[in-house]
Amino acid sequence: MSELLGRLEAEDDELRFAAFTLDDAWVLGTRLRATAAERGLPIAIAVWFGRQRVFHAALPGASADNDGWLDRKHHVVERYGTSSLRVGEEFRAKGEDFDTHARLDPQQFAAHGGVVPLRLVSGALIGAVGVSGLPQLDDHELVVEHLRAMLGEAPEQ
C-alpha cells in the first residue's frame, strides 16, 4: 500500500462529525471561499447534503469546467463512499486506470482529488465537500485542512 493510500484511509476514520447541519455547510463553504480568496486560488467550491448542492462559490480564474469536475468527483464519492482521491489511488495501486477499469462513464465520474465525504461518527455518509481548480492533491488537501479545522472546534464527541 502506498503512503498516500494509507493516509487517505486514515482520513476516512478521522474526518467524522458528531453532527453536521446546513449551517455547518454554510460555515465550511464560506471559510473555504475566504481562504481561496486570501490565497488567490482559482477554484470552485461545493458542499452537498446527499445529492442537493447546498453551497456553491467560484473565484476568479475558475470556470464552468471546474463545476463539471466537481460534479464528476462528487459522483465518485456518492458511488464509492470515500474521497475521490482515494478511489483514484486505489485503482492506481492495483495498476489500473479508473476511466477504463471502473466501467463508468468518464463524462459522469472522475476519480481525481478534491471531493471528500461528510460523514458522521456513526459512519453515515450525509454529503460531501469539494473544490476544483488546483492540482488534484492540492484540491484534496485544501478540503481536508478545513474539515480538520472545523472538527477541532467541535465540542467533544
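This is a dialogue in which a trainee and a mentor read helices and a few single residues in a predicted model.

Trainee: Let's begin with helix H2. How far apart are its end C-alpha atoms, and what span should its residues give?

Mentor: A helix can be checked by its rise per residue. H2 runs over residues 22–39, and at 1.5 Å a residue its 18 residues should span 26 Å. Its end C-alpha atoms are 26 Å apart, which agrees.

Trainee: Which residues of H2 are buried?

Mentor: Here the cut-off is under 20% relative accessible area. In H2, that group is Ala25, Leu28, Gly29, Leu32, Thr35 and Ala36. Looking down the axis of H2, you find these buried residues within an arc of 130 degrees, so they line one face of the helix. On the other side of H2, the exposed residues are Asp23, Trp26 and Glu38.

Trainee: What covers the buried residues of H2?

Mentor: The cover includes four strands, E2 (44–49), E3 (52–58), E4 (115–120) and E5 (125–132), together with helix H6 (136–153).

Trainee: And the ends of H2? Which residue caps the N-terminal end?

Mentor: Look for a side chain that reaches a backbone nitrogen. Threonine 21 plays that part for H2, with a side-chain oxygen 3.3 Å from the backbone nitrogen of aspartate 23. Past the other end, look at the backbone: just after H2, glycine 40 has a positive phi of about 65 degrees.

Trainee: Can I read helix H1 in the same way? Which of its residues are buried?

Mentor: Start with its length again. H1 covers residues 3–14, and its 12 residues reach 16 Å from first C-alpha to last, close to the 16 Å expected at 1.5 Å a residue. Leu5, Leu8, Glu11 and Asp12 are the buried residues in H1. Down the axis of H1 they fall within an arc of 115 degrees, so they line one face of the helix. The face turned away from that buried side carries Glu3 and Asp13, which are exposed. Among the elements covering the buried residues of H1 are strand E1 (16–17), H4, E4 and H6.

Trainee: You mention H4. Which residue of H4 touches Leu5 and Leu8?

Mentor: Arginine 86, which is found in helix H4. Not counting residues up to four places away in sequence, arginine 86 touches Leu5, Leu8, Glu9 and Asp12. At 16% relative accessibility, arginine 86 counts as buried, because the cut-off is under 20%.

Trainee: Now for a pair of helices. At what angle do H3 and H4 pack?

Mentor: Two packed helices are described by the angle between their axes and the distance between the axes. For H3 (residues 64–80) and H4, the angle is about 75 degrees and the axes are 8 Å apart. That makes H3 roughly perpendicular to H4. From H3, the contact is made by Lys73, Val76, Val77 and Tyr80, and from H4 by Ser84, Val87 and Phe91.

Trainee: What about H3 by itself? How far does it reach?

Mentor: H3 has 17 residues and reaches 25 Å from its first C-alpha to its last, close to the expected 24 Å. Its buried residues are Asn66, Leu70, Arg72, Lys73, His74, Val76 and Val77. Just after H3, glycine 81 takes a positive phi of about 75 degrees. Within H3 sits glycine 68, which is partly exposed, with a relative accessible area of 28%.

Trainee: Back to serine 84 in H4. Is serine 84 buried or exposed?

Mentor: Serine 84 is buried, and its relative accessible area is 0%. A polar atom of its side chain lies 3.4 Å from the backbone nitrogen of glycine 114. Beyond its neighbours within four places in sequence, serine 84 is in contact with residues including Lys73, Val76, Val77, His112 and Gly114.

Trainee: One last residue. Where is glycine 133?

Mentor: Glycine 133 is in the loop between E5 and H6. Glycine 133 is partly exposed, at 33% relative accessible area. For residues far apart in sequence, check the distance in space too: glycine 133 and leucine 41 are 92 residues apart along the chain, while their C-alpha atoms are separated by 7.8 Å. Leaving aside neighbours within four places in sequence, glycine 133 is in contact with Pro42, Ile43, Asn66 and Asp139.

Note on methods:
Residues numbered from 1 in each chain as written. Predicted model: local features only at pLDDT ≥ 70, side-chain atom pairs only at ≥ 80, totals over all residues. Heavy atoms only, no water. Helix = DSSP H or I, 4+ residues; strand = E, 2+ residues; numbered from the N terminus. Expected span 1.5 Å × (residues − 1). Buried < 20%, exposed > 50% of the residue type's maximum accessible area, 1.4 Å probe, protein only. Arc of directions from axis to C-beta. Contact = heavy atoms within 4.5 Å. Polar contact = N/O pair within 3.5 Å; in protein donor to acceptor, adjacent residues only side chain to side chain. Axes fitted to C-alpha atoms, helices over the stretch in contact; angles between N-to-C directions. Parallel < 35°, antiparallel > 145°, perpendicular 65-115°, else oblique.
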